[in-house]
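Here is a walk through one protein model. Keep the sequence and the 3D view side by side as you read.

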Amino acid sequence: MFTHLVGDRAAALNDVLTQGGFRRSQSIAYRPACEGCKACVSVRICVADFEESRSLRRVKAHNEDIVGQVKPPTPTSEQYSLFRTYVTSRHGTGGMADMSVLDYAMMVEDTHVHTRLVEYRKRGPDSRILGYGTGDLMAVALTDILSDGLSMVYSFYNPLAQDRSLGTYLILDHVTRARQMGLPYVYLGYWVHGSRKMDYKRRFLPQERLSPHGWERIEE
């Protein structure tokens with residue numbers, strides 16, 4: 001199922017649809033509707049009660065030298081270069097493998113809702129004052145700001161920095177940002193039971209998963 005997110009009410013519609021299990025791709029909101037299959041389950045982190053496990057605290061500590069800077073959804077050649085490196089390394093045979101620079105630009109720019117990019121770089125000597133890092137781009141998160149949370153639309157990072165667990169760190173950073181903004185949820189998209197690629201989402205507890213009966217809280 002899908003619908004277009006355009007016009008003055010796009011942001012409000014995106015709110016409602018995300019809360020109902022839809023995801024956004026450019027100006028389209030979509031939700032899988034496969035006959036006889038309900039494997040794709042929407043997941044959101046409960047920010048107020050979220051507690052970092054020991055392993056998550058280690059990830060956070062290991063990335064204390066990184067700072068994220070919020071920017072408007074404007075694509076750059078530096079972002080695309082990192083995106084290509086990430087996709088080639090992680091999803092070389094997937095649907096995004098052939099994305100051109102124009103395709104990437106559309107993914108970032110084609111939005112009628114409240115969308116921001118967060119660019120992550122290493123901290124510099126003046127980062128605490130300026131609020132942004134220096135050096136090479138290490139990770140990027142494309143994020144929608146909803147009335148009740150942050151929705152992580154797409155993120156990518158330097159695949160060579162495997163020891164940093166940057167994908168996990170980006171989620172932890174978004175939990176912190178949502179808490180600072182007074183927002184109750186971080187939306188992680190779909191989780192499929194038994195999928196090794198999506199299993200990492202189970203680490204962020206407590207969380208809520210969308211069932212036919214509504215959002216159900218998961219503690220462990």
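Is C37 buried, partly exposed or exposed? C37 is partly exposed, at a relative accessible area of 41%. Keep in mind that this is a predicted model.

Stay with the cysteines for a moment. How many disulfides does a search of the whole structure find? The count is zero. C37 shows why: its closest cysteine sulfur, in C34, lies 5.4 Å away, too far for a bond. A disulfide would need the two sulfur atoms within 2.5 Å. C46 is another cysteine to look at. C46 counts as buried, with 5% relative accessibility.

Now turn to the interior. In soluble globular proteins, nonpolar side chains tend to be buried together. Here the largest nonpolar core holds 45 residues. Those with the most contacts inside this core are I45, F83, Y120, F156, V186, L188 and F204. Helix α6, residues 166-181, supplies the largest share of the core, seven residues. A second core is separate and has six residues, among them A10, L17, A29 and V113.

Pick I45 and look around it. Beyond its neighbours within four places in sequence, I45 is in contact with I171 and V175. I45 also touches P184, Y185, V186 and L188. F50, F204, P206 and Q207 complete the list of its contacts. I171 and V175 both appear among the buried residues of α6.

Follow α6 itself next. The helix has 16 residues. From first C-alpha to last, α6 reaches 22 Å, close to the 22 Å expected at 1.5 Å a residue. Its buried residues include L166, Y169, L170, L172 and A178. The buried set is not purely nonpolar: T168, D173, H174 and R177 belong to it as well. Just after the helix, G182 takes a positive phi of about 75 degrees.

Step back to the residue ahead of the helix. S165 sits in the loop between β8 (149-157) and α6. Its phi is near 50 degrees, a positive value in a residue other than glycine. S165 is partly exposed, with a relative accessible area of 30%. Q26 is a similar case to inspect. Q26 lies in the loop between β2 (23-25) and β3 (28-30). Phi of Q26 is near 55 degrees, again positive in a residue other than glycine. Q26 is partly exposed too, at 26% relative accessible area. Most residues other than glycine have a negative phi, and most peptide bonds are trans.

That brings up a peptide bond to check. Which sense does the bond from L205 to P206 take, cis or trans? This bond is cis, with omega near -5 degrees. P206 is placed in the loop between β9 (185-191) and β10. P206 is also one of the residues in contact with I45.

Carry on along the chain into the strands. β10 (residues 207-211) pairs with β11 (residues 214-218) in the antiparallel sense, over five bridges. A hairpin of two residues joins these strands. Within the pair, R209 of β10 has E216 as its bridge partner in β11.

Finish with the charged side chains. How many salt bridges does a search of the whole structure find? The search finds twelve. One of them links E52 and K60, with N to O at 2.9 Å. E52 counts as partly exposed, at 24% relative accessibility. K60 is partly exposed as well, at 30%. In another salt bridge, R202 meets D199, and the closest N and O atoms are 3.2 Å apart. R202 is partly exposed, with a relative accessible area of 42%. D199 is partly exposed at 36%. R217 forms a salt bridge with E219, where the closest N and O atoms are 2.4 Å apart. R217 has a relative accessible area of 38%, and is partly exposed. Salt bridges that share partners also join K71, E78, E119 and R121 into one network.

Notes: Residues are numbered from 1 along each chain as its sequence is written. This is a predicted model: local features need pLDDT of at least 70, side-chain atom pairs count only at pLDDT 80 or more; totals for chains, interfaces and linings use all residues. Side-chain values use heavy atoms; hydrogens and water are left out. A salt bridge is a side-chain nitrogen of Lys or Arg within 4 Å of a carboxyl oxygen of Asp or Glu. Buried means under 20% relative accessible area, exposed over 50%, partly exposed in between (1.4 Å probe, protein chains only). A nonpolar core is a set of buried Ala, Val, Leu, Ile, Met, Phe, Trp, Tyr and Cys residues joined through side-chain atoms within 4.5 Å. Helices (H or I, at least four residues) and strands (E, at least two) are DSSP runs, numbered from the N terminus. Contact means heavy atoms within 4.5 Å. The expected span of a helix is 1.5 Å times one less than its number of residues. Two strands pair if DSSP finds at least two bridges between them.
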